[in-house]
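Got the viewer open? Load the file, switch to cartoon, and let's take a walk through it.

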Amino acid sequence: MKIYKPKNLEDFKFIAKLWSETKNNKFMLTRMITAQDAKDRIKNKNNFTYIVEVDGKRVGNLNLRKTDENKVGRLGIIIDYKSQGKGYGKEAMGLLEEEAKKLGIKKLKLEVFVNNKVAVNLYKKIGFKETGWMIVMEKKI
Ligand SMILES: CC(C)(COP(=O)(O)OP(=O)(O)OC[C@H]1O[C@@H](n2cnc3c(N)ncnc32)[C@H](O)[C@@H]1OP(=O)(O)O)[C@@H](O)C(=O)NCCC(=O)NCCS
């Protein structure tokens, strides 16, 4: 496995497809992004995005955002549903940690829905601890 920063339009299209695929995004707050959205996101110098590649094939996307909080990074991960459950998520998180360290980040934070069992299990397995609760609300207007 390797992770790399997107280099061309195909990479950004892949990111957009991953995030917009309903089988991937049922537990996500962000849905339906375009390749342009993915490109725009990294115009901010604190945002980093990486393609996860296995045997020459793109399988996932990692996002990292350096926050104003001292040395804290916020992360997001998606592995394509066709490639889930093969250990790629865990391996990719390890590689992201290494990238974060290179950026001077000392602590990683994330939000995850409690019913996203796979993600919660993954994060606990690699050492993340629950530090708070959040209520997600919505209102039709
Ligand atoms: C969450 C996600 C990144 C995990 O990646 P993955 O490649 O499927 O996970 P892995 O195969 O690396 O498994 C890592 C750990 O997750 C847990 N896990 C994996 N599949 C699981 C399942 N079906 N049920 C419960 N736990 C599971 C296990 O703890 C596993 O470790 P183990 O195999 O050593 O026991 C991936 O499923 C995904 O992209 N989901 C959709 C998007 C998403 O929800 N992202 C996270 C938002 S916060």
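Here is a tour that goes from the whole chain to the ligand. One thing to keep in mind as you click: this is a predicted model.

**Stop one: the whole chain.** Colour by secondary structure and you should find five helices and five strands. Trace the chain along the sequence, and the order reads β-α-α-α-β-β-β-α-β-α. Now spin the C-alpha trace: along its principal axes the protein spans about 40 × 40 × 30 Å. How does the radius of gyration fit a compact globule? For 141 residues such a globule would come out near 14 Å, and the protein has 15 Å, so the two agree.

**Stop two: the packing.** If you colour by burial, 23% of the 141 residues count as buried. Next, draw contacts between residues at least 6 apart in sequence; 52% of them join residues at least 24 apart.

**Stop three: the ligand.** Select the ligand and show what surrounds it. You'll pick up 21 residues, the closest being Q84, G89, K90, N121 and L122. Which elements give two or more residues to this shell? Highlight β4 (72–79), α4 (88–102) and α5 (117–125) to see them.

Stay on α5 for a moment: this helix supplies six residues, the largest share of the shell.

**Last stop: shell chemistry.** Keep the shell selected and recolour by residue class. Ten of the residues around the ligand are nonpolar, seven are polar and four are charged.

Note on methods
Residues numbered from 1 in each chain as written. Predicted model: local features only at pLDDT ≥ 70, side-chain atom pairs only at ≥ 80, totals over all residues. Near = placed C-beta within 6 Å. Helix = DSSP H or I, 4+ residues; strand = E, 2+ residues; numbered from the N terminus. Nonpolar A, V, L, I, M, F, W, Y, C, P; charged D, E, K, R; others polar. Rg over C-alpha atoms; globule rule 2.2 N^0.38 Å. Buried ≥ 20, exposed ≤ 12 C-beta atoms within 10 Å, placed from the backbone. Contact = placed C-beta atoms within 7 Å.
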